[in-house]
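Visitor: I'm new to reading protein models, and I'd like a tour. Could you take my questions one at a time?

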Amino acid sequence: MKPFINNIDDIMELLDSQVESISWNDFYELRNHPANFIIQKELPDENLVEFFDKGIPKKSCIEFGCGEGRNAIYMAKQGTTVTAIDSSEIAIQNAKDLAHEKSVSVNFLCQDALKGSTYGLYDFAYDSGMFHHLAPHRRLTYIELLKTILKPSGYFGLVCFAWGEDCADEVDDWEFYQQRERVGVAFTKERLIELFTPYFEVIEIRKYRNGVPDTIQGLDFMWTCLFKNRIEIEH
Ligand SMILES: C[S@@+](CC[C@H](N)C(=O)[O-])C[C@H]1O[C@@H](n2cnc3c(N)ncnc32)[C@H](O)[C@@H]1O
């Protein structure tokens, strides 16, 4: 780490150094968590299927924290050109293998989603379970990234832990940096609105629905959100 703070990037790096992140490679290798997205790894999110059925623009999509590729592969099967990013080599290799098995093409990238800057422009950005693992200061980086990669009137879909469901860390941003163990941050609906509405219009925020056939089950402790870029297409 640099010895002195000269700019905002240095502050961000300093804060990064205060936060131990989850070892996702270990998580995928050990497979010792009964996480639904590991067990039902070929099924997409029900809200994603609904977004697509309702006709959101979807020629091109970028997915952050794609894991083993279940949602990226679903989107590619619908004819969407998909770039899907995850920082775990094991998850990306498994995702590539699954896409190959299903004969679909996805541009899988193994990298820290927040470090890439040349992703291009997309109709739709999707994140099922990465955002809630980011440290509070990195949420700012994330929102800046979203602003640069979403087309005017483009959509952003998010699935994240819901506050009050006893599923994740119910902490404010000050408490986050004091924690020793972290599961992921739970959000209230109000906090999600506060974070995203300066740049994105809320189309929908609701709880995940179980029971929809051919979609992953057991995520009803999550929010599903659909936002739309406030920057509109010029006519
Ligand atoms: C809870 S898992 C969800 C996986 C997948 N979206 C799913 O639902 O099947 C979170 C994923 O985010 C990835 N991740 C966390 N932080 C990341 C970052 N900064 N850049 C890229 N991927 C990240 C992890 O490797 C992990 O695969």
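Visitor: Let's start with Met-75: is it buried or exposed?
Guide: Keep in mind that this is a predicted model. Met-75 is found in helix H5. A residue needs 20 or more other C-beta atoms within 10 Å to count as buried. Met-75 has 27 of them, so the verdict is buried.

Visitor: Which residues does Met-75 touch, if we skip its neighbours within four places in sequence?
Guide: Being close along the chain is no guarantee of being close in space, so let's look at both. Met-75 and Ile-90 are 15 residues apart along the chain, and their C-alpha atoms are separated by 21 Å. The contacts of Met-75, with those neighbours left aside, are Cys-61, Thr-80 and Val-82.

Visitor: Okay, zooming out: how many helices and strands does the protein have?
Guide: The C-alpha atoms fill a box of roughly 50 × 50 × 35 Å, taken along the principal axes. Inside that box, the secondary structure comes to nine helices and seven strands.

Visitor: And what is its radius of gyration, set against the globule rule?
Guide: For 235 residues, the globule rule gives 18 Å. The value for this protein is close to that, so it is as compact as a globular protein of that length. The radius of gyration is 17 Å.

Visitor: What percentage of contacts join residues at least 24 apart in sequence?
Guide: Here we look just at contacts between residues at least 6 apart in sequence. Among those, the share joining residues at least 24 apart is 70%.

Visitor: Where does the largest share of the largest nonpolar core come from?
Guide: In soluble globular proteins, nonpolar side chains tend to be buried together. The largest nonpolar core here has 55 residues, and Ala-72, Ala-125 and Phe-187 have the most contacts inside it. The largest share of this core is seven residues, and they come from S5.

Visitor: What does Ala-125 touch, leaving aside neighbours within four places in sequence?
Guide: Ala-125 is one of the core residues with the most contacts inside it. With those neighbours left out, its contacts are Ile-62, Leu-146, Ile-149, Leu-150 and Phe-156.

Visitor: How many residues of S5 are buried?
Guide: S5 spans residues 150-161, and it pairs with S4 in the parallel sense over six bridges. In that pairing, Ser-128 stands opposite Val-159 in S5. S5 is largely enclosed by the rest of the structure, because the buried count among its 12 residues is nine.

Visitor: So how does Ser-153, in strand S5, count for exposure?
Guide: Let's count again: buried takes 20 or more C-beta neighbours, and exposed takes 12 or fewer. Ser-153 touches Lys-228, Asn-229, Glu-232 and Ile-233, not counting residues up to four places away in sequence. Ser-153 has 15 C-beta neighbours inside 10 Å, so it counts as partly exposed.

Visitor: What covers the buried residues of H4?
Guide: First, the residues being covered: in helix H4 the buried ones are Glu-46, Asn-47, Leu-48, Val-49 and Phe-51. The cover includes helix H5, strand S4, S5 and strand S7.

Visitor: Which residues that are not glycine have a positive phi, and what are the angles?
Guide: Most residues other than glycine have a negative phi. Arg-31, in the loop between helix H2 and helix H3, goes the other way with about 50 degrees. Another example lies in the loop between S5 and helix H8: Asp-166, with about 60 degrees.

Visitor: Are Arg-31 and Asp-166 buried or exposed?
Guide: The cut-off for exposed is 12 or fewer other C-beta atoms within 10 Å. Arg-31 has 12, and Asp-166 has 9. That makes Arg-31 exposed, and Asp-166 is also exposed.

Visitor: Last one: which residues come nearest to the ligand?
Guide: The shell around the ligand divides into eight nonpolar, seven polar and three charged residues. There are 18 residues around the ligand, and those that come nearest are Trp-24, Phe-37, Gly-65, Gly-67 and Gly-129.

Terms used
Residues are numbered from 1 along each chain as its sequence is written. This is a predicted model: local features need pLDDT of at least 70, side-chain atom pairs count only at pLDDT 80 or more; totals for chains, interfaces and linings use all residues. A residue is near a molecule or strand if its C-beta atom, placed from the backbone, lies within 6 Å of it. Ala, Val, Leu, Ile, Met, Phe, Trp, Tyr, Cys and Pro count as nonpolar, Asp, Glu, Lys and Arg as charged, and the others, Gly among them, as polar. Helices (H or I, at least four residues) and strands (E, at least two) are DSSP runs, numbered from the N terminus. Two residues are in contact if their C-beta atoms, placed from the backbone, lie within 7 Å. A nonpolar core is a set of buried Ala, Val, Leu, Ile, Met, Phe, Trp, Tyr and Cys residues joined through C-beta atoms within 7 Å. The radius of gyration is taken over C-alpha atoms; the globule rule is 2.2 Å times the number of residues to the power 0.38. Two strands pair if DSSP finds at least two bridges between them.
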